[in-house]
Every structure is written in C-alpha cells, then in structure tokens.
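Student: I'd like a close look at one part of this model, the metal site, and then a walk outwards from there. Can you keep it in one connected answer?

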Amino acid sequence: MRDAQPQVIQRKDYRPPAFLIERTELGFELHEDHALVNACLHLRRNPEGEPDAALELHGQELELLSLSLDGRELAPGEYQLSAERLVVEAVPESFQLRSQVRIRPQDNTALDGLYKSRAMFCTQCEAEGFRKITWYLDRPDVMAEFHVSIEADQGRYPVLLSNGNPLAPEPLGNGRHRARWHDPFPKPAYLFALVAGDLRHIEDKFRTASGRDVTLRIYVEEKDLDKCDHAMLSLQQSMRWDEEVYGREYDLDVFHIVAVDDFNMGAMENKGLNIFNSSCVLCSPEITTDAGFERVQSIVAHEYFHNWSGNRVTCRDWFQLSLKEGFTVFRDEAFSADMGSATVKRVEEVNTLRSAQFAEDAGPMSHPVRPDSFVEISNFYTATIYQKGAEVVRMIHTLLGPERFRQGSDLYFERHDGQAVTCEDFVLAMEEASGMDLTQFRRWYSQAGTPRLSARGEYDADAQRYTLSLRQSTPPTPGQPDKEPLMIPVALGLLGAAGNLPLRLTEEAPDTETADNTHRVLVLAEAEQTFCFEGVMEAPVPALLRGFSAPVRIEYDYSSADLCALMSREEDGFVRWDAAQQLALRVLDAAQEQLAAGAPVEVDPLYLDACGELLADTALDPAMVAEMLRLPGEGYLAELAASRGGADVDAIHAARNAVRTALAQRHAAAFQDCYQRLASSEPYAPDSAQIGARSLRNTCLDYLALAGDEGLELAAAQFADAGNMSDRLAALQALAYHGSAAQRDATLEWFYQDWQHETLVVNQWLQVQATLPAADTLERVQRLLQHPAFDSRNPNKLRALIGAFCSANPVNFHRADGAGYRFLADRIEELDARNPQIAARLLTPLTKWRNYRGREQLMRAQLQRLAALPNVSRDVYEVLDKALAS
Ligand code: B3K
Ligand code: ZN
C-alpha cells in the first residue's frame with residue numbers, strides 16, 4: 001500500500017539531503033519464506049543540507065523488527081513509521097542507526113528490490129527498489145561505502161554475490177554458509193546488488209592498461225554454460241575500447257555478470273556485479289539470431305561503460321537520468337560502430353529514433369531529455385532519455401569535434417569522480433574544455449518535441465552560387481506551448497553530376513583549404529538562416545543531415561530523380577538510405593491513394609528500377625542493400641499519417657503489402673540471383689560480413705516467399721536445412737507470414753517441437769505468432785496465454801506475446817471491433833497488481849488514441865475503464881492520467 005494519492009515530484013524542488021551515509025553495513029539472512037535484513041548505517045548531518053531537519057528514511061513493504069540508535073533500542077514513540085517513511089526527529093550530528101526488517105522476496109512479483117527468479121535470489125534496485133530491502137536514504141546523491149554479508153543454505157545457494165571485491169567466505173555449520181563483500185567505491189543504493197543461487201560460471205581475465213589483472217566471470221544456470229562466450233568476448237572488447245577511446249580503466253579486482261530469467265528490462269549496471277536479463281547475455285548460433293548477437297554485444301558494452309558514466313560519476317537526482325543513460329548510449333553506439341558496420345548501425349539507430357522516440361515526442365508522454373516532473377520515475381526510462389539523450393551528446397561531439405570532445409569528457413570524469421552531478425555539469429565540462437559557448441545548445445535538454453527543419457535551395461547559374469535557406473520550428477508539447485530556436489548542427493554535402501562538389505561559404509576566402517572540402521557542418525541557431533556557397537559549378541542536389549547530424553524531421557522538396565541520384569551516388573550512407581526511405585514513402589502514399597480510389601496499385605517505375613539497381617550492384621555492402629530495400633514500418637507510417645489528420649491502419653497495411661508485392665514480382669529473378677549468390681558454407685560467425693550477407697539473403701527470401709510458391713519452397717528448404725537461428729527464424733517468418741494456413745501451422749508446430757526446451761527460442765516463437773497478419777491472430781494470442789510455454793509472471797514472455805501483438809501488429813491490435821483494445825486493457829488490469837512497471841510499459845499503444853482515425857472512442861473507452869479501477873499503481877496511474885488529458 002502506498003502512503004497517499006500519487007504525488008508529482010518536481011525538479012525545481014530538489015534539496016540536498018539533510019544526512020549523508022558514510023558506511024552501509026548490510027547483513028542478509030536468506031530463508032525459503034522470508035529474508036531478514038540487518039542494516040547498520042553510519043550517518044552524519046550534511047553541512048549542505050537543511051539544518052535541524054529530522055532523519056527521514058524511505059521504505060516500502062518492510063516489516064520493522066527492531067531499530068536502535070548508537071546501540072540504544074528506540075521505543076515506538078521515538079520514531080514515526082508510515083507505509084513509506086520512517087522518521088526519527090531527534091538525532092545527533094553523527095550516529096549509527098541499526099535496523100532489522102523482514103521482507104518476503106518469494107512474494108515479490110514486481111521484480112524490483114530483492115526477489116526470486118526461479119531458484120535464485122536477485123535484486124533490481126534502480127531507480128527506487130532499494131527501499132524495498134531496508135530503511136534507507138534511497139536517493140542517488142547519497143553515496144556510501146558498502147560492506148555486505150549474505151547467509152544462506154549452502155546446498156541451494158552455493159554462490160553468494162554482491163558488489164565490489166570478495167572477502168573470505170565462512171561455512172556456518174547446519175548446512176548454511178556466509179559470504180562477505182566490500183565495495184570500496186562509494187555508491188548510491190540504486191547500484192547495490194545481491195545474487196544467491198546454484199550457479200555455474202565461465203571465467204577469463206583482463207589486464208588493464210596499467211597492468212592490473214581483473215577476473216571476469218559470467219554466472220548462469222548449468223544448462224547455459226555453453227552460451228556465454230560471446231558475452232565474455234564482448235566484455236573484453238568493451239574494457240579495451242573504453243581504455244583506448246575514453247582513457248577509462250576498470251577499478252575492482254573482479255567483474256561479474258549474472259544471467260536472470262525474470263527481469264523487467266535488459267540489464268543493470270550494479271557496481272562490479274551486472275545483472276542481465278538472460279535474453280541479453282546468452283548466445284549461441286543454434287538459438288540466437290544475428291540481431292541477438294549484436295544486442296548482447298551492445299548491452300554488455302552499455303552496462304560496462306556505466307562503470308564510469310553512471311557509477312564513478314552518477315546522477316544527483318532522477319531528473320538527470322539522461323546524464324548517465326544518454327551518454328552511455330552514445331558510448332555504446334560508438335563502440336558498436338567500431339566493432340561492425342558504422343553506417344548500418346547508424347541507420348538502425350535512426351530507425352529506432354524515428355519510430356519510437358519521435359512518436360513519444362508527439363504523444364501524451366512527451367518530455368524533455370531532462371524532465372521537469374514525474375509521478376513514477378520508472379516511467380521515464382524512455383526513448384527520449386536514452387535515444388534522444390544520446391543524440392544530444394552526439395551533437396556536442398559533432399560541434400566540438402572528437403579531440404575537444406575527449407578533452408571535455410576527461411575533464412568531466414576527473415572533476416566529478418565520486419560525485420553525483422547534473423546534466424549541467426556535463427555541459428559545463430564540455431564548454432570549459434573546448435571554449436565553445438553552449439548556452440543556446442542547452443535548450444536541447446529542456447525543450448521537448450521533435451524539431452522540424454525545412455530546407456530550400458536556390459541555384460544561381462550565372463553567379464555560380466547556391467543558397468540554402470534553413471528554417472526550424474518545434475511543435476508545442478504538453479506543458480510547453482512555445483518553443484525557442486535550438487542550436488542544430490546540419491552536416492551536409494552538395495551532390496553534382498560527377499560526385500560531391502567542393503564547398504566554400506561566401507564569407508570564406510577562395511583559397512580556404514579543409515581536409516575534406518566536400519563536407520560541412522553548418523550551425524543553425526536562428527529560427528531562419530541562409531547559407532551561401534560560392535563557386536558551385538552546377539545545380540546540386542543537397543545531401544542534408546549527413547549521418548543524421550541532429551534528431552529532427554527534415555523537409556526538402558526533392559524530385560524523385562533527386563532522390564534516385566542521392567540513393568545511388570551520395571557519399572554518406574545515411575543520406576543514401578534516407579533517400580530510399582523518402583522515395584518509398586512517396587510510393588506508399590500513391591499506393592494508398594490508388595487503393596482508396598479503387599484503382600490498381602501502380603508503383604513508380606523509378607522506384608522499382610532503383611531497387612533493381614541496388615540488387616544488381618555486387619559492390620555495395622549487402623547489409624545496406626537490405627536496409628534500403630526495407631520499406632518503412634507500419635508503426636512509423638501510422639505515426640507520420642497521424643500528423644496529417646489521422647492514420648488508417650488497414651489502408652497503410654494494404655498499401656505496404658501492395659508495394660512489397662509489386663517489388664517482389666518485378667524483381668523475382670534478381671531476388672533469386674541474389675539469394676543464390678549469397679549462399680554460404682562457411683561456419684557461422686557473428687561478424688559484420690556474414691551478418692550483412694545473411695541480412696540481404698533473408699530479405700530476398702522474404703520477397704520471394706511473398707511472390708509465390710517458388711519462394712515458399714525455398715523458405716521450406718531453408719527452414720529444414722538452416723545451420724543457425726538467423727536463417728531458421730527468417731524461414732519460419734517467411735512461411736508463417738506468406739504461406740498457406742496449413743503450411744504456417746505445420747511449420748510453427750515443427751519449430752516448437754524442436755525448440756520447446758529453449759525458453760529464449762520459445763519467446764521468438766511466441767513473437768512470430770503475435771505478429772501474424774492473419775485476421776484471427778488475436779484469438780491465437782488469447783489461446784497462447786493458456787499454452788504451457790507462456791508464463792504471465794515472466795516479462796520476456798509478456799513482451800513477446802502481448803507487447804509484440806499490441807505494438808508490432810497494427811492491423812490486428814486496431815481491429816475495428818475494438819477487441820484488441822479490450823484484450824490489452826484486460827491484461828493491464830490483471831498485471832498491474834503484480835508488476836506495475838511492465839503494466840505501465842505495455843499500456844503505451846493505447847495512449848496513442850488520438851492517432852487512429854475512427855478508433856479514438858474505442859481506445860479512449862479502455863483507458864477510462866482502467867482509470868476507474870480502484871488501486872491502480874502509481875506507474876499505470878501516471879500513464880493513464882497523461883493519456884486521458886491529451
Ligand atoms: N540502468 C538500467 C535501467 C534501470 C531501469 C529501472 N527501471 C539499465 C541501463 O540503462 O543500463
Ligand atoms: Zn544504461
């Protein structure tokens with residue numbers, strides 16, 4: 001039970017803590033139906049805090065058994081206890097507070113705090129889970145040195161882990177044992193972790209740049225021991241990369257990763273003891289797709305990089321969450337770019353940003369990278385904090401250049417090591433190290449919404465001058481009706497008939513030489529600005545926003561011929577891909593209009609030819625060809641349509657299918673050739689060359705299966721012979737999405753029979769079914785809720801079945817009879833009492849009710865139904881409240 005009606009927490013109300021904790025001693029006694037937590041907190045008054053304030057500790061669902069101050073047991077009248085606060089009025093300047101509480105990890109279905117996942121105990125404390133473990137100052141600006149002891153049954157829980165370095169373990173007799181851990185780096189409670197279980201591990205080591213040996217271990221259940229090598233390699237690569245690129249070394253003697261099946265998100269960066277959702281650490285070619293291998297590599301890196309950007313330097317308060325998340329995503333993206341194909345990675349990032357973050361920014365949950373208020377911080381682990389936050393750091397990198405950016409990050413880490421700081425501190429360090437004024441740039445942190453950047457170009461042949469006019473505006477978002485102009489780095493080139501043209505701005509001397517004179521970063525700071533280029537010998541096609549240099553919606557009135565020119569000849573891979581997307585958007589719009597008029601769909605031959613050229617060009621990176629042949633997704637199309645008067649999901653689906661079918665039929669032979677050409681007999685490796693080839697080959701297979709029986713036969717053969725999960729799953733999808741009902745069901749059944757023992761593969765199987773285009777998919781999903789492979793307590797399964805159906809199957813979720821909406825609301829109602837974080841997250845598709853023409857009332861009715869329920873969680877309450885107010 002919470003204390004009261006959910007309160008809104010405001011950033012402006014931040015006050016330094018009245019007390020600091022210098023040392024935290026925790027003793028855990030783990031039992032089968034409860035755990036006892038003994039805490040001794042070494043507290044002292046904060047000279048920066050409010051003088052004379054009472055000590056006020058956070059707690060939730062704790063049964064207080066005893067409380068003493070400097071060795072004296074406190075009588076009930078000497079403190080006040082409510083559901084979420086423990087207040088002690090009269091305390092000395094510095095003192096020790098001891099408490100003992102009883103908690104019930106076995107009954108903790110919310111999966112935060114200390115809980116049980118299958119046979120093991122584990123924790124998740126970010127953001128505010130530690131208060132479910134003991135009474136504490138559970139805020140990130142209170143950093144303490146932790147000493148931990150864990151006592152448990154030796155047979156069931158031979159492995160007992162916590163943060164920091166291990167001290168000698170002790171057998172206790174009576175079948176129990178005790179482990180002790182000491183973490184010398186002061187940390188906030190959200191980075192605390194504990195694991196107890198019957199685990200096995202793989203071990204390797206890493207020698208740091210300064211020559212220290214670190215023992216690396218990955219702990220898993222015995223059956224998964226053979227699936228840890230890729231994560232171990234990724235960890236070693238990350239450690240080396242952070243030394244080389246950021247000069248950051250690891251600091252403890254050990255680094256541990258533990259895989260856990262029941263986990264609310266991907267992974268958690270607890271100091272020295274990263275806890276991972278098993279789906280983000282376990283890998284093998286038999287059970288993991290290429291995308292899975294890449295995800296493991298990037299998440300292992302992300303969590304490792306947090307050791308500096310997050311742990312050594314942490315956040316002062318949760319409004320600063322993007323300080324660690326945006327920066328760390330920027331770091332893991334740069335790492336992945338260095339490990340694989342940088343352009344393909346960038347395209348994938350932009351795709352995620354456009355489909356998830358732009359949509360968030362245009363909806364009721366829109367918030368700035370540094371929010372001003374929240375009700376439940378768990379709702380703010382968003383695409384805006386992570387992905388847009390990373391884009392903001394990327395823009396700083398672009399504006400400063402790599403050397404000055406590195407000086408800025410060195411200054412930031414050195415100045416703030418061991419501190420809890422703000423986004424402002426990060427920007428200040430960047431400013432001071434570079435000498436660049438980022439005053440206006442700071443608006444990216446405070447202003448929500450996706451800016452529109454419209455560009456217009458004029459060529460004066462006589463003067464050989466090209467004038468580019470840029471205009472920016474940001475639409476209103478909840479609570480922010482008026483927006484100021486932002487500082488936007490616009491990277492660009494000008495494409496001429498024979499390649500990119502040299503660039504010289506009017507104010508520059510004619511002999512200005514730059515290393516690459518065909519590339520520029522313009523800085524747009526005003527609402528409108530004009531840039532003139534001299535010596536331009538021919539009318540160019542502007543290649544705008546190269547590398548997606550800013551998270552904006554770009555608008556330029558290209559002709560289709562311009563887009564084809566960019567697609568085939570522009571240097572920058574992102575611009576080439578984006579030109580293909582823009583051309584595809586036009587073709588899709590036209591198809592939608594033709595279908596609405598009852599006419600057959602005729603796809604612009606220019607587009608079809610351009611796709612044919614891509615397929616035929618063996619010099620291109622296959623991974624990029626695959627990306628360029630992929631049409632924008634239905635979710636993104638709906639989002640775009642929403643801003644133009646409302647999305648019709650059925651029309652979008654029909655148009656997209658028609659264009660894909662036209663493409664499949666027109667290039668059947670080329671898809672065949674390419675499919676055969678890319679066949680490989682090499683042993684599986686998750687390297688970028690192989691991944692790119694498989695990606696294009698499986699894209700071809702998808703189009704071939706769409707074109708007819710011959711393709712379906714190829715898919716059936718691939719399904720039977722595949723030597724890895726990427727190829728097998730691609731074949732399964734081709735057969736399930738495009739084959740007959742009988743073929744689909746038989747293949748799904750065959751797949752299940754083969755893989756039912758591998759829970760991560762079973763999740764993929766659930767997800768394929770949740771995203772089937774067939775009209776009875778909702779009924780199938782409902783049946784699957786009863787299937788032995790489904791478990792409503794496991795977040796991975798909830799995401800694979802319910803999450804995928806509601807967010808990745810628009811035609812079926814938005815069924816005209818509203819059954820999809822009722823289905824989701826029913827699930828939320830059941831789930832909210834057990835796991836509010838997951839419930840609030842799964843609710844997102846319903847919050848977009850304004851986007852769907854003709855469905856608004858049906859969607860809103862389900863939100864209202866949920867809002868009328870008694871006792872909705874703080875998490876779900878906040879999402880409903882914002883969605884209904886929009
Ligand atoms: N910091 C964690 C996310 C915690 C989510 C809490 N609800 C993982 C990460 O971003 O690395
Ligand atoms: Zn993170």
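Let's start with two residues: are His 302 and Glu 325 buried or exposed?

Tutor: Both His 302 and Glu 325 are buried, where buried means under 20% relative accessible area, exposed means over 50% and partly exposed lies in between (1.4 Å probe, protein chains only). Before we go further, some ground rules: this is a predicted model, local features need pLDDT of at least 70, side-chain atom pairs count only at pLDDT 80 or more, and totals for chains, interfaces and linings use all residues. Residues are numbered from 1 along each chain as its sequence is written, chains are lettered from A and ligands numbered from 1 in the order in which they are written, and side-chain values use heavy atoms, with hydrogens and water left out.

Now the metal. The zinc ion (ligand 2) is held by NE2 of His 302, NE2 of His 306 and an OE atom of Glu 325, at 1.9 to 2.1 Å. Donors here are N, O and S atoms within 2.8 Å of the metal (3.2 Å for Na, K and Ca), and sites may look incomplete, as water is not among the atoms. Read along the sequence, the zinc donors follow the spacing H-x3-H-x18-E. His 302 sits in helix α2 (residues 290-305) and Glu 325 in helix α3 (residues 321-339), so this pair ties together parts 23 residues apart in sequence. Helices (H or I, at least four residues) and strands (E, at least two) are DSSP runs, numbered from the N terminus.

Glu 325 also takes us to ligand 1. One of its side-chain N or O atoms is 2.9 Å from an oxygen atom of ligand 1. Glu 303 does something similar: a side-chain N or O atom of Glu 303 is 2.7 Å from an oxygen of the ligand. Then there's Tyr 386, with a polar side-chain atom 2.5 Å from a ligand 1 oxygen. A polar contact is a pair of N or O atoms within 3.5 Å; within protein, one must be able to donate a hydrogen and the other to accept it, and residues adjacent in sequence count only if both atoms are side-chain atoms. Taken alone, ligand 1 exposes 340 Å², and the protein buries 95% of that; these areas come from the Shrake-Rupley method with a 1.4 Å probe, and for residues only the protein chains shown count as cover. β20 (267-268), α2 and α3 are the elements that give two or more residues to the shell around ligand 1. In total 13 residues surround it, and Glu 126, Ala 267, Glu 269, Glu 303 and Tyr 386 come nearest (near means a heavy atom within 4 Å).

Further out, let's turn to charge pairs. The whole structure has 76 salt bridges, each a side-chain nitrogen of Lys or Arg within 4 Å of a carboxyl oxygen of Asp or Glu. Among them is Arg 102 with Glu 63, at 3.1 Å from N to O. Arg 102 belongs to strand β9 (residues 94-103) and Glu 63 to strand β5 (residues 63-69), so the bridge ties together parts 39 residues apart in sequence. Arg 102 is partly exposed at 26%, and Glu 63 is partly exposed at 35%. For Lys 187 and Asp 183 the bridge is 2.8 Å from N to O, and here the ends are buried: Lys 187 at 2% and Asp 183 at 0%.

Asp 826 and Arg 865 also form a salt bridge, 2.7 Å from N to O. That one links helix α24 (residues 819-832), home of Asp 826, with helix α27 (residues 856-867), home of Arg 865, 39 residues apart. Asp 826 is partly exposed at 30%, as is Arg 865 at 28%. Bridges with shared partners also join Arg 118, Glu 221, Lys 223, Asp 224, Asp 226, Lys 227, Asp 261 and Glu 758 into one network.

One last stop: Thr 847, in helix α26 (residues 844-847), is buried at 4%. A polar atom of its side chain lies 2.6 Å from the backbone oxygen of Thr 844. Beyond four places in sequence, Thr 847 is in contact with Pro 364, Val 879 and Ala 883, contact meaning heavy atoms within 4.5 Å.
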